[in-house]
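Please open the model in a viewer and set the display to a cartoon representation. The tour below proceeds by selection, with a short account of what each selection shows.

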Amino acid sequence: MASPNQTTSPSSAPSPSRRRIPDNPGHVLAAQAVDAMAEKKAADITVLDLRGVSGMADFFVIGTGGSDLQIRAIANGVMDRIREECDERPYKKEGLESLQWVLIDYVDVVVHVFSKEKREHYNIERLWGEADAETVPQDGDAGDIQLLQSLLSKDSDA
């Protein structure tokens, strides 16, 4: 039952939030995020393919920084690279104040930059265990992620 101050007519219902549509495919943004993280020496860079698992995003890109300064550098590096290479800006970003878990949302790609402790605590890879995952080798980059490379090669073939 509606409270006396609520109306139940459809015309007064709030409109659903509208997310902007990125100009670039998710795999392109994910590859740029991986390369930016690798340039800033993030540890344990992992890509989760959520396309068959969730409608929330196509990919998560996860990395770990060794200090507040490095976490900030990684997050800023990702945002700078994606802005320069893809002309995209984040839909939302959180955590730049505390620098324990920075989340950068590009709609189809969500970038997570963790402190080591927070990454171990939240263990996103376990939470999304049904998603395909690939980890970048130390000193590697997006070229080492077969999933992204197969999608990028399909783009170049088209």
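Select β1, residues 43–49, together with β6. In this predicted model, the two strands are paired in the antiparallel sense, with four bridges between them. Add the side chains of Val47 and Glu134: Val47 has Glu134 of β6 opposite it.

**The sheet as a whole**

Extend the selection to the remaining strands. Six strands form an open sheet in the order β3-β4-β5-β2-β1-β6, and their pairing is mixed. Colour β3 (92–94) and β6 (132–135) separately; these strands occupy the edges, and each has a single partner strand, so one side of each lacks a neighbour in the sheet. On average, neighbouring strands are turned by 15° against each other, direction ignored. As a general point, strands of a sheet pair through backbone hydrogen bonds, in either a parallel or an antiparallel arrangement.

**The helices on the sheet**

Next, display α1, residues 26–39. This helix lies across β1, β2 (59–65) and β5 (109–115), and runs at about 5° to β2. Then add α2, residues 68–86, which packs on the sheet and touches β2, β3, β4 (101–105) and β5. The direction of α2 makes about 165° with that of β5.

With the full chain visible, five helices and six strands can be counted. Followed from the N terminus, the elements come in the order α-β-β-α-β-β-β-α-α-β-α. Of the contacts with a separation of 6 or more, 65% join residues that are 24 or more positions apart.

**Strand β5**

Select β5 alone and show its side chains. Are the residues of β5 buried or exposed? Seven of its seven residues are buried. On one side stand Val109, Val111, Val113 and Ser115, on the other Val110, His112 and Phe114, so that both faces of the strand are covered.

Now restore the two partners. β2 runs parallel to β5 and is joined to it by seven bridges; Ile62 stands opposite His112 of β5. β4 pairs with β5 in the antiparallel sense over five bridges, and here Ile104 stands opposite Val111.

**The turn between β4 and β5**

Centre the view on Val107. β4 and β5 form a hairpin with three residues between them, and Val107 lies in this loop. Val107 has a positive phi of about 70° although it is not a glycine. Most residues other than glycine have a negative phi. The relative accessibility of Val107 is 10%, and it therefore counts as buried, the limit being under 20%.

For a second case, move to Asp139 in the loop between β6 and α5. Asp139 also is not a glycine and has a positive phi, of about 65°. Which is Asp139, buried or exposed? Asp139 is exposed, with a relative accessible area of 70%.

**The nonpolar cores**

Select Met37, Val61, Val78, Tyr106 and Val111. Among the 35 residues of the largest nonpolar core, these touch the most other members. The elements giving two or more residues to this core are α1, β1, β2, α2, β4, β5 and α5 (146–157). Which element gives the most? It is α1, with nine residues.

Keep Val61 in view and show its surroundings. Beyond its neighbours within four places in sequence, Val61 is in contact with residues including Ala30, Ala33, Val34 and Met37. Its contacts also include Ile45, Thr46 and Val47, as well as Val109, Val110, Val111 and His112.

Apart from the largest core lies another, of 10 residues, among them Val110, Phe114, Ile124 and Trp128.

**Asn24**

Move next to Asn24, in the segment before α1. With a relative accessibility of 18%, Asn24 counts as buried. Its side chain reaches the backbone oxygen of Cys86 at 2.9 Å. The side chain of Asn24 also makes a polar contact with the side chain of Glu88, at 2.9 Å. Leaving aside neighbours within four places in sequence, the contacts of Asn24 are Leu29, Cys86 and Glu88.

**The surface**

Finally, switch to a surface display. The chain exposes about 9,200 Å², of which carbon and sulfur atoms supply 47%. Of the 158 residues in the chain, 42% are buried.

How values were computed:
Residues numbered from 1 in each chain as written. Predicted model: local features only at pLDDT ≥ 70, side-chain atom pairs only at ≥ 80, totals over all residues. Heavy atoms only, no water. Pairing = 2+ DSSP bridges. Axes fitted to C-alpha atoms, helices over the stretch in contact; angles between N-to-C directions. Contact = heavy atoms within 4.5 Å. Buried < 20%, exposed > 50% of the residue type's maximum accessible area, 1.4 Å probe, protein only. Polar contact = N/O pair within 3.5 Å; in protein donor to acceptor, adjacent residues only side chain to side chain. Areas by Shrake-Rupley, 256 points an atom, 1.4 Å probe, with all protein chains shown as cover. Core = buried A, V, L, I, M, F, W, Y, C linked by side-chain atoms within 4.5 Å.
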